Amino acid sequence: MKTYPLSLLIACVIIFLSLYPFPELPEVDVPLADKWTHMVMYGGFCLIIWYEYLKAHKSINKGKITLYGWFCPIVMSGLLELAQAYLTSCRSGEWMDLLANAIGATLAYVLGWTVLSKVISPKTVATLLLFMVSISALPQEGYPANYARGPRFKALIYYSNNVESAHKEFAEQALKFFHKLSYGEGFLYDKTTDLSQYTDEQLAEYDVQIWLNNSVHGEKERKAFERYMENGGGWIGFHAAAYNDKNTRWPWFVNFLGGGVFYCNNWPPQPALVVTDTDQHTVTKSLPREFVIPSSEWYQWNPSPRKNPDVEVLLSISPKNYPLGIKDVVKFGDFPIVWTNKKYRMVYLNGGHGDECFSDATTNLLYVNVFRWVVSTSPKGNPFEK
Ligand SMILES: [Zn+2]
C-alpha cells in the first residue's frame, strides 16, 4: 500500500470510470479516439506502477515488474470488460478495448525498460504524465453539457449501407443529426445495420428505434419488431424505411403504417411547400401552418393513410405544389408526408432522400418534435421529466 499509493488510486479511478454509466462521448475527428484514450489511460497507469516500483527498489526484478507492471493491469482490464459485458446494463464490453489497453501497457513496459529505469527523475515522469493527460483529454472536447445527469434513455438507430446513394447520404446526415441531439437530450444510442442480432430483451431496452433508410426483410427481424411495437416500443421511420409494394409481403407492417402501399413519386427530388394538418398535436403545435421543407423525393401512397381512422396525419404536401416533379410528375391526390398510427408509438416521416434534409431549421424542429414526442410517450414514463 505504502509503496504504490498513486498506482492504487489510479486503479480505483479506472474501475470507477469503467463501470459508471457515462453518456456516449461525442465523436471527434480523431480516428479511433476512444481506443487511443484506452491506450493512453492504461499506458499512463503502467508507467506510474513503473515509477513507484523504481522509486522503491534499487534493482529491477524482471519477473515482478512484468507481473505488476504489465500482466496485472491487462488482467484487470479484461475483468473490467467482462464486468461491463455481464454486470452493467449501461456499458458494454469490447474486446478491441482490451487490445488497446494491452498495447498501452506494453508500450509503457518498453518505455519503462528503455527510458524510465535509466533516467528516472521526477521531472521526466511529470513531463510524461502531463503529455499522457493532455492526450487523453483531447477526445473529450464538446462533451455533452448535461453529462452529470447521466443518460435518460436509449435509442437504436437502424440503417443500411446497401441502398441507393441518396439514401446512404441521408443516413450519414441523420446519424450526425441524432448524434448532436444526444448531447442536449441526454440519451445513449446504438447504431446498427443488422437488427437480426438483437434479442427481444435487448430491443426492449430501447425507448425508440429510428429507421433511417431501410425496412427489415428477414422473418426473424420482422417478428421481433412486431413484438417490440406491440409491447409499447417506439418507432420513427424515414422515407425508404416504409417503402412497401407487392413484393414486400409483410401485411402487419402495411397495417402498422396505416394501410398505404407505395404508389408514385416525384422526380427529381425537390423542396415542397407543406401544410400542418393540425395545430393540436405536440409535433406540429410549434410549427408554422405552412413552410417549405428541403429537397427530397416524396412518396404518394395508395390508399392514402388518412383514410384509416387510426391514423392522424400531421403534415401534408400542399396541393399548391402540383404538378410536382419534372421527369416523374405527381399531378393530384392526397399527399400526407408525416403521420402517426395512434395504435402504436410511431411516427413516419417521408423526407429522407439526399443530403439536404437537415438544412432547414423549421424542418429540424419537426424532427426534434417527433423524436421528443415518441420518446416522451414511453410506457416506462416520460424520460424528459427525469
Ligand atoms: Zn428516395
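This section describes helix α6, the strands around it and the nonpolar cores of a predicted model.

Helix α6 comprises 21 residues, numbered 165-185. At 1.5 Å a residue the helix should span 30 Å, and its end C-alpha atoms are 30 Å apart, which agrees. H167, F170, A171, A174, F178 and E185 are the buried residues of α6. Because these residues cover an arc of only 100° around the axis, they lie on the same side of the helix. S165 and K176, on the other side of α6, are exposed. The buried residues pack against four strands, namely β1 (153-158), β2 (187-192), β3 (208-211) and β4 (234-238). After α6 comes G186, with a positive phi near 65°.

Strands β1 and β2 run parallel and are joined by 6 bridges. I157 has K191 in β2 as its bridge partner. From β1 the chain passes through α6 to β2, forming a β-α-β crossover that is right-handed.

I157 also appears in the largest nonpolar core, which has 62 residues. The residues with the most contacts inside this core are I157, I210, L212, V347, V370 and V374. The greatest contribution to the core comes from helix α10 (residues 361-376), which supplies 7 residues. When residues up to four places away in sequence are not counted, V374 touches V208, G234, I236, R345, M346 and V347. A second core, separate from this one, has 19 residues, including F45, W50, A100 and A108.

How values were computed: Residues numbered from 1 in each chain as written. Predicted model: local features only at pLDDT ≥ 70, side-chain atom pairs only at ≥ 80, totals over all residues. Helix = DSSP H or I, 4+ residues; strand = E, 2+ residues; numbered from the N terminus. Expected span 1.5 Å × (residues − 1). Buried ≥ 20, exposed ≤ 12 C-beta atoms within 10 Å, placed from the backbone. Arc of directions from axis to C-beta. Contact = placed C-beta atoms within 7 Å. Pairing = 2+ DSSP bridges. Right-handed = clockwise from strand over helix to strand, strands pointing away. Core = buried A, V, L, I, M, F, W, Y, C linked by C-beta atoms within 7 Å.
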